[in-house]
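New to this one? Here's a quick tour of a pocket and a ligand site.

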Amino acid sequence: MLIVLPKGRLLKEIKNLLELIGIYFEDSSRKLVMDTSIKNIKVAILRSWDIPKFVNKGIADMGFVGKDVLNEIEDEENFYESLDMGLGKCRLSLASYKKVTNSNKPIVATKYPVTAKAFFASKMQNVEIIKLKGAIEIAPILGLSDYIVDLVQTGNTLKENGLSELEVIQDISTRLIINKSSFKTNNQMIETLIISMKNALNENLKD
Ligand code: PRP
């Protein structure tokens, strides 16, 4: 069984959770696929955007990924969204650098074009969306866009760059996703892992 984990700030929290359920691995090297303390469980660390792709194809049986990334998937999903891990909590927000005036088709920079499009459609507002991959906050500062739609956690990035959070579009957290065929073929093991994770998360909440 292969479990895929996201690089970056969430990795430590997920690694801790896996340890609580008895799955240990060493991630200090540059090794891409790692054995764990459980004989038939391996883990790989990927960019969060790639996680659903590996789980969708059944290369990985399970993965952890933010709801922000899942929102953007437009193809048919070959995986179940299982647990809300309650980790990596943040929000997807609309922000701007200065007051947007007199624009009948404002420009929105984001990594999340699907979510941004749906948000503005729900407000019947016509916008142009520019998809960026890097630091989104720079777009309105340099005049590329009027608005941004981006993740906000502490709010420090917005604050340090003089941007204002105008509206929370959606609360975001990390989800466990499971490949549909793996769920059938490895049912017992996956169910056991889910129950252990649920218990560990509940224990954590009590602390
Ligand atoms: C995210 C997001 C913001 C920042 C918000 O970027 O895109 O830039 O975090 O966090 P804050 O409200 O706590 O300041 P991240 O650091 O994950 O890097 P990324 O740009 O590579 O996604």
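**Pocket and ligand at a glance**

Keep in mind that this is a predicted model. Let's start with what the walls of the largest pocket are made of: 18 nonpolar, 13 polar and 18 charged residues line it. The ligand gets its own section further down.

**The largest pocket**

- The space inside the largest pocket comes to about 1400 Å³.
- Its lining counts 49 residues, and the ones nearest the centre are S48, W49, D68, V69 and Y112.
- Both domains chip in: domain 1 (2–88 + 173–206) and domain 2 (90–172) each give at least three residues to the lining of the largest pocket.
- Several helices and a strand take part too, with at least two lining residues each from α2 (51–56), α3 (67–70), α4 (113–122), β9 (147–152) and α6 (156–160).

**Around the ligand**

- The residues surrounding the ligand are R9, K111, E137, D150, L151, V152, Q153, T154, G155, N156 and T157.

**Polar contacts with the ligand**

- T157 puts a polar side-chain atom 2.4 Å from an oxygen atom of the ligand.
- G155 uses its backbone instead, with an N or O atom 2.7 Å from a ligand oxygen.
- D150 has a side-chain N or O atom 2.9 Å from an oxygen atom of the ligand.
- On its own the ligand exposes 500 Å², and the protein buries 65% of that.

Technical notes: Residues numbered from 1 in each chain as written. Predicted model: local features only at pLDDT ≥ 70, side-chain atom pairs only at ≥ 80, totals over all residues. Heavy atoms only, no water. 1 Å grid on protein atoms, 1.4 Å probe; cavity = no way out; pocket = protein on both sides within 12 Å on 5 of 7 lines; lining within 4 Å. Points joined across faces, edges and corners; volume = space filled by probe spheres on them. Helix = DSSP H or I, 4+ residues; strand = E, 2+ residues; numbered from the N terminus. Nonpolar A, V, L, I, M, F, W, Y, C, P; charged D, E, K, R; others polar. Domains from an automatic or database assignment. Near = heavy atom within 4 Å. Polar contact = N/O pair within 3.5 Å; in protein donor to acceptor, adjacent residues only side chain to side chain. Areas by Shrake-Rupley, 256 points an atom, 1.4 Å probe, with all protein chains shown as cover.
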